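I opened this notebook to record what I looked up in a single structure. The entries follow the order in which I checked each item.

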Amino acid sequence: MESIMVMEMQNKTIVEMLYKALLGQFGDMVSKLLASDLEWWFHGPPHCQHMMRVLTGETSLNKGFRFESRRVTAIGDRVIAEGWEGQAYWVHVWTLKNGMITQFREYFNTWLVVRDLSPPRWEDDRQHSLPLWQSQPHDLNHRSLPGLVLAI
């Protein structure tokens with residue numbers, strides 16, 4: 001259990017370093033954190049693929065959208081970052097292996113719930129049915145967002 005907590009803390013630190021590097025325009029540091037065969041998945045309007053444009057060098061952060069995470073949570077080998085910029089609400093799910101980011105999922109203006117679908121460890125595992133993480137957009141009372149469940 002302790003080794004899982006250490007891994008989660010390390011993974012969270014790596015993702016936080018990534019956001020700081022992006023805000024500081026340190027592209028060389030960003031490329032050192034990402035696997036060369038990064039798997040990417042996007043949910044949202046095509047014109048809102050902001051992070052992928054930044055990661056591929058198509059655009060820079062100082063030319064538009066700024067990713068400042070409001071909440072970062074590590075769950076196993078995944079790190080979930082959540083934030084909003086103006087009317088845009090986003091959730092990023094990063095998967096890490098051996099200190100390297102190998103997968104990136106971007107959800108734009110989407111309510112996300114993360115659930116554990118592994119079998120319960122004991123017969124009466126009530127905690128197992130609870131979400132591991134869920135979106136907390138600051139203005140949810142003012143608008144409706146489509147919802148998705150991410151199973152891990």
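The entries below move from the overall fold to one helix, then to the strands and the charged pairs.

**Entry 1. Overall composition**

I noted at the outset that this is a predicted model. I looked up the secondary structure and found 3 helices and 8 strands in the chain. Reading along the sequence, I recorded the pattern α-α-β-α-β-β-β-β-β-β-β. I then checked burial: of the 152 residues in the chain, 39% are buried.

**Entry 2. Helix H1**

I asked what span H1 should have and how far apart its end C-alpha atoms are. At 1.5 Å a residue, the 22 residues of H1 should span 32 Å, and the end C-alpha atoms are 32 Å apart, which agrees.

I next listed the buried residues of H1, which are Asn11, Ile14, Val15, Leu18, Tyr19, Ala21 and Leu22. They cover an arc of only 165 degrees around the axis, so they lie on the same side of H1. I set beside this the general rule that an α-helix has 3.6 residues a turn, so residues three or four places apart point the same way. On the face of H1 turned away from the buried side, I found the exposed residues Glu2, Met9 and Lys20.

Leucine 23 also lies in H1, and I recorded this residue as partly exposed, with a relative accessible area of 30%. I checked one contact across the sequence: leucine 23 and glutamate 68 are 45 residues apart in sequence, while their C-alpha atoms are 7.9 Å apart in space.

**Entry 3. A nonpolar surface patch**

I looked for nonpolar side chains on the surface and found a patch formed by Met17, Phe26 and Met29. Together these residues have about 260 Å² of accessible area. Methionine 17 belongs to helix H1, which runs over residues 2-23. At 32% relative accessibility, methionine 17 counts as partly exposed.

**Entry 4. Strands S2, S3 and S4**

I asked in which sense S2 and S3 pair, and over how many bridges. The pairing is antiparallel, over 5 bridges. S2 and S3 form a hairpin with 2 residues between them. In that turn, I noted that glycine 76 has a positive phi of about 60 degrees.

I then followed S3 into strand S4 (residues 88-97) and found antiparallel pairing over 8 bridges. Glycine 83 stands opposite tryptophan 90 in S4. The hairpin of S3 and S4 also has 2 residues between the strands, and glycine 86 takes a positive phi near 65 degrees there.

I asked how many residues of S3 are buried. The count is 6 of 8, so S3 is largely enclosed by the rest of the structure.

**Entry 5. Salt bridges**

I recalled that side chains of opposite charge can pair when their charged atoms come close. My search of the whole structure returned 3 salt bridges.

I examined glutamate 82 and arginine 71 first; their closest N and O atoms are 2.8 Å apart. The pair links distant parts of the chain, with glutamate 82 in strand S3 (residues 78-85) and arginine 71 in strand S2 (residues 71-75), 11 residues apart. Arginine 71 stands opposite glutamate 82 in the strand pairing. Is glutamate 82 buried or exposed? At 1% relative accessibility, glutamate 82 counts as buried, whereas arginine 71 is partly exposed at 22%.

I turned next to arginine 78 and aspartate 77, whose side chains meet in a salt bridge at 3.2 Å, N to O. Arginine 78 is partly exposed at 23% relative accessibility, and aspartate 77 is partly exposed with a relative accessible area of 24%.

I closed with glutamate 58 and arginine 53, whose side chains form a salt bridge at 3.7 Å, N to O. Glutamate 58 is exposed, with a relative accessible area of 59%. Arginine 53 counts as partly exposed at 22% relative accessibility.

Notes: Residues are numbered from 1 along each chain as its sequence is written. This is a predicted model: local features need pLDDT of at least 70, side-chain atom pairs count only at pLDDT 80 or more; totals for chains, interfaces and linings use all residues. Side-chain values use heavy atoms; hydrogens and water are left out. A salt bridge is a side-chain nitrogen of Lys or Arg within 4 Å of a carboxyl oxygen of Asp or Glu. Buried means under 20% relative accessible area, exposed over 50%, partly exposed in between (1.4 Å probe, protein chains only). Helices (H or I, at least four residues) and strands (E, at least two) are DSSP runs, numbered from the N terminus. Patches are made of residues with over 30% relative accessible area and no salt bridge: like charges are joined within 9 Å, nonpolar side chains (Val, Leu, Ile, Met, Phe, Trp, Tyr) within 5 Å. Accessible areas come from the Shrake-Rupley method with a 1.4 Å probe; for residues, only the protein chains shown count as cover. Two strands pair if DSSP finds at least two bridges between them. The expected span of a helix is 1.5 Å times one less than its number of residues. The arc is that of the directions from the helix axis to the C-beta atoms.
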